[in-house]
Amino acid sequence: MHRTAQIIFLIAVIAVFQTLANAGAVPACRKWVAPIHAHLSYLNISDDGKRIYVSSSADHGNSNKAIDSRVRMLSENGKTSWSYWTTKPVRSQTTTKSGEQFAFSTYDNHLISLNHLGKKLWQKELFGKPVFFSSIKKLLFFHDDDTDTDTLFTVLAYDGKETLQKKSITKND
């Protein structure tokens, strides 16, 4: 891992844990280093601070080699619980408040949901940004302007079944 990326990751983790500690969500700020050997893309933490979801990617500068992209779950002490390799870098990610479920979208139009053990729950062909709403047990998926311009968002149940799709707003809406 590049030393700069490692330092930035450590600072981000310390800042997040300090914020959680100040809010009373975790007993104290923990300090540790998790070698991810790539550029940190996203970081999500469960409300109790026990599940930390990290996505990373590294371009090794060789056009013949695939980009090293993956998501992983770290425990509260920084140990990797599991890793899940992706075919393209992660575009956006989200987790439920409890951290029991995690979803991410990739740059090759995949929306994938995993449980806290790293098991794939479902996969859809969608491009955009997922956001979990734990209070109503739904995942709101915002479609990107670059892809499906007719659809603003899709609402999915936690099991991946579509519950609503909102088309573009017209003057009559």
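Select Arg 51 first: in this predicted model its relative accessible area is 17%, so Arg 51 is buried, the limit being under 20%. Show its side chain together with that of Glu 100. The two meet in a salt bridge, with an N to O distance of 3.1 Å. Now colour by secondary structure to see what this pair connects. Arg 51 sits in strand E2 (residues 51-58), while Glu 100 is in the loop between E5 and E6. The two residues are 49 residues apart, and their pairing links distant parts of the chain. Glu 100 has a relative accessibility of 37% and therefore counts as partly exposed.

How many salt bridges does the structure hold? There are 2. For the other pair, select Asp 159 and Lys 161, whose closest N and O atoms are 3.9 Å apart. That distance falls within the 4 Å cut-off for a salt bridge. Asp 159 is partly exposed at 46% relative accessibility. Lys 161 has a relative accessible area of 57%, which is over the 50% limit, so Lys 161 is exposed.

Return to the loop that holds Glu 100, between E5 and E6, and extend the selection to the sheet. Strands E5, E6, E7 and E8 form an open sheet of 4 strands in the order E5-E6-E7-E8, and their pairing is antiparallel. Which strands are at the edges? They are E5 (90-95) and E8 (120-125), each of which pairs on one side only. On average, neighbouring strands of the sheet are turned by 15 degrees against each other, with direction ignored.

Within this sheet, isolate residues 101-106, which are strand E6, and residues 110-115, which are strand E7. Between E6 and E7 there are 5 bridges, in the antiparallel sense. To follow one of them, pick Phe 102: its bridge partner in E7 is Leu 114. Displaying backbone hydrogen bonds is useful here, because strands of a sheet pair through them.

The last stop is Arg 91, in edge strand E5. Is Arg 91 buried or exposed? Its relative accessibility is 11%, so Arg 91 counts as buried. To see what surrounds this residue, select everything with heavy atoms within 4.5 Å of Arg 91 and drop its neighbours within four places in sequence. What remains is Tyr 42, Ser 105, Thr 106, Tyr 107, Phe 127, Gly 128, Lys 129 and Asp 144. Of these contacts, Ser 105 and Thr 106 belong to strand E6.

Technical notes. Residues are numbered from 1 along each chain as its sequence is written. This is a predicted model: local features need pLDDT of at least 70, side-chain atom pairs count only at pLDDT 80 or more; totals for chains, interfaces and linings use all residues. Side-chain values use heavy atoms; hydrogens and water are left out. Two strands pair if DSSP finds at least two bridges between them. Axes are lines fitted to C-alpha atoms, for helices over the stretch in contact, and angles run from 0 to 180 degrees between N-to-C directions. Buried means under 20% relative accessible area, exposed over 50%, partly exposed in between (1.4 Å probe, protein chains only).
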